[in-house]
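Dear colleague,

I am passing on the structure we talked about, together with some notes on what turned up in it. Please keep it open beside this message while you read.

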Amino acid sequence: NPPEAIALETIDNFLTGYAASLIYWFNFDYRYYTRMTEANRKMALYEEQVRTWPRDNTVRVEAAAPVISPEHIRAWLASSKLCPEIESITSTIQLQAYRQDQRLLAAVGNFWEKSPVFIKLSAPDLSGDYLLLQPHRGQYRRTSGTELAAGIKLYLPALTWEFFLLEPDQG
C-alpha cells in the first residue's frame, strides 16, 4: 500500500469511531511517517468535533468533474465477503459531516489513488458570512450561506481525507 492509503485507512478508523488502529511498520520510510504525521495531526485537530458534535445528513458533496466509478475499483477485489457494504457504494468520494449550531465540519474522502478531484460541497440552512477553515493546512477562505447552499468548489487530493470547518465570520 502507498503511504497515502495507510493514512486514509487510519482516518477511516477515526471517523468510524474506533478507539485506536494498528499499522504494521515494516519496511516503511520517511514517506509513510510523513503521511502518518499528517493524519495524526488532522485527527488531533478535529477530534472534539467528530466525538461530540451530532452527525449532519443535510450536507452534500459531489464531484465537479467525472471520477472513476466504484464498480471499476470493486473489480480489483477478490471478494467482498469481509466487507459486503462495498457493493452498495455509489461514489469514490465519501462524506461525513458534523454540526453544532452554526458551525459545521465536513470530512470528505477521495478513495481514488490515481487522481485528485474538484468537489462541490453544499450546506443548506446557513445564513450570513462564513469562514471555511483548514487549520491543518493553515488556510481559510471567506464564503456565505448563499454560496454554501449553491455549493462551493474545493480541491481534494488523491487518496486522502480532507477536513473543512465552517464557522460564522465574526468580521
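What radius of gyration would a compact globule with 171 residues have, and what value does the protein have? The model is a predicted one, and with that in mind the answer is that such a globule would come out near 16 Å, while the protein has 17 Å, which agrees. Taken along the principal axes, the C-alpha atoms fill a box of roughly 50 × 30 × 25 Å.

To find your way along the chain, it helps to know that the protein contains four helices and eight strands, and that from the N terminus on these elements follow the order α-α-β-α-β-β-β-β-β-α-β-β. When contacts between residues at least 6 apart in sequence are considered, 73% of them join residues at least 24 apart. Buried residues account for 40% of the 171 residues, and of the roughly 10100 Å² that the protein exposes, carbon and sulfur atoms supply 51%.

The interior comes next. In soluble globular proteins, nonpolar side chains tend to be buried together. Here the largest nonpolar core has 25 residues, and those that touch the most other members are Ile11, Leu15, Leu105, Trp161 and Phe163. At least two core residues come from each of helix H1 (3-16), helix H2 (30-52), strand E3 (103-110), strand E5 (129-134) and strand E8 (160-168), with H1 giving the most, seven residues. Apart from this core lies another one of 19 residues, which includes Val117, Leu126, Leu132 and Leu156. If you would like one residue of the largest core to follow by eye, you could take Leu105: leaving aside neighbours within four places in sequence, Leu105 is in contact with Tyr46, Gln49, Val50, Trp53, Gln96, Ala97, Tyr98, Phe163, Phe164 and Leu165.

Nonpolar residues are also found on the surface, where Leu22, Tyr24 and Phe26 make a nonpolar patch of about 450 Å². Of these, Phe26 sits in the loop between H1 and H2, and Phe26 counts as exposed because its relative accessibility is 62%, with the cut-off for exposed being over 50%.

Charged residues deserve a slower look, since there are eight salt bridges in the structure. In one of them Glu4 pairs with Arg35, the closest N and O atoms being 3.3 Å apart; this pair links distant parts of the chain, with Glu4 in helix H1 and Arg35 in helix H2, 31 residues apart. Both partners are partly exposed, Glu4 with a relative accessible area of 26% and Arg35 with one of 27%. In another, the side chains of Glu162 and Arg137 meet at 2.7 Å, N to O, and they too link distant parts of the chain, as Glu162 lies in strand E8 and Arg137 in the loop between E5 and strand E6 (139-144), 25 residues apart. In this pair Glu162 counts as buried, at 2% relative accessibility, whereas Arg137, at 41%, counts as partly exposed. A salt bridge of 2.7 Å, N to O, also joins the side chains of Arg142 and Asp169, and here Arg142 is in strand E6 while Asp169 is in the segment after E8, 27 residues apart. Salt bridges that share partners also join Glu4, Arg35 and Glu38 into one network.

Two residues are worth a look for their backbone. Asp101 has a phi near 55°, a positive value in a residue other than glycine, and is placed in the loop between strand E2 (93-100) and E3. Leu159 has a phi near 50°, likewise positive in a residue other than glycine, and is found in the loop between strand E7 (152-156) and E8. Is each of them buried or exposed? Asp101 is exposed, with a relative accessible area of 65%, whereas Leu159 is buried, with one of 10%.

Lastly, Arg51 lies in helix H2 and is partly exposed, with a relative accessible area of 40%. Not counting residues up to four places away in sequence, Arg51 touches Phe14, Gly17 and Tyr18. Arg51 and Val117 are 66 residues apart in sequence, and their C-alpha atoms are 28 Å apart in space.

With best wishes

Conventions:
Residues are numbered from 1 along each chain as its sequence is written. This is a predicted model: local features need pLDDT of at least 70, side-chain atom pairs count only at pLDDT 80 or more; totals for chains, interfaces and linings use all residues. Side-chain values use heavy atoms; hydrogens and water are left out. A nonpolar core is a set of buried Ala, Val, Leu, Ile, Met, Phe, Trp, Tyr and Cys residues joined through side-chain atoms within 4.5 Å. Buried means under 20% relative accessible area, exposed over 50%, partly exposed in between (1.4 Å probe, protein chains only). Contact means heavy atoms within 4.5 Å. Patches are made of residues with over 30% relative accessible area and no salt bridge: like charges are joined within 9 Å, nonpolar side chains (Val, Leu, Ile, Met, Phe, Trp, Tyr) within 5 Å. Accessible areas come from the Shrake-Rupley method with a 1.4 Å probe; for residues, only the protein chains shown count as cover. A salt bridge is a side-chain nitrogen of Lys or Arg within 4 Å of a carboxyl oxygen of Asp or Glu. The radius of gyration is taken over C-alpha atoms; the globule rule is 2.2 Å times the number of residues to the power 0.38.
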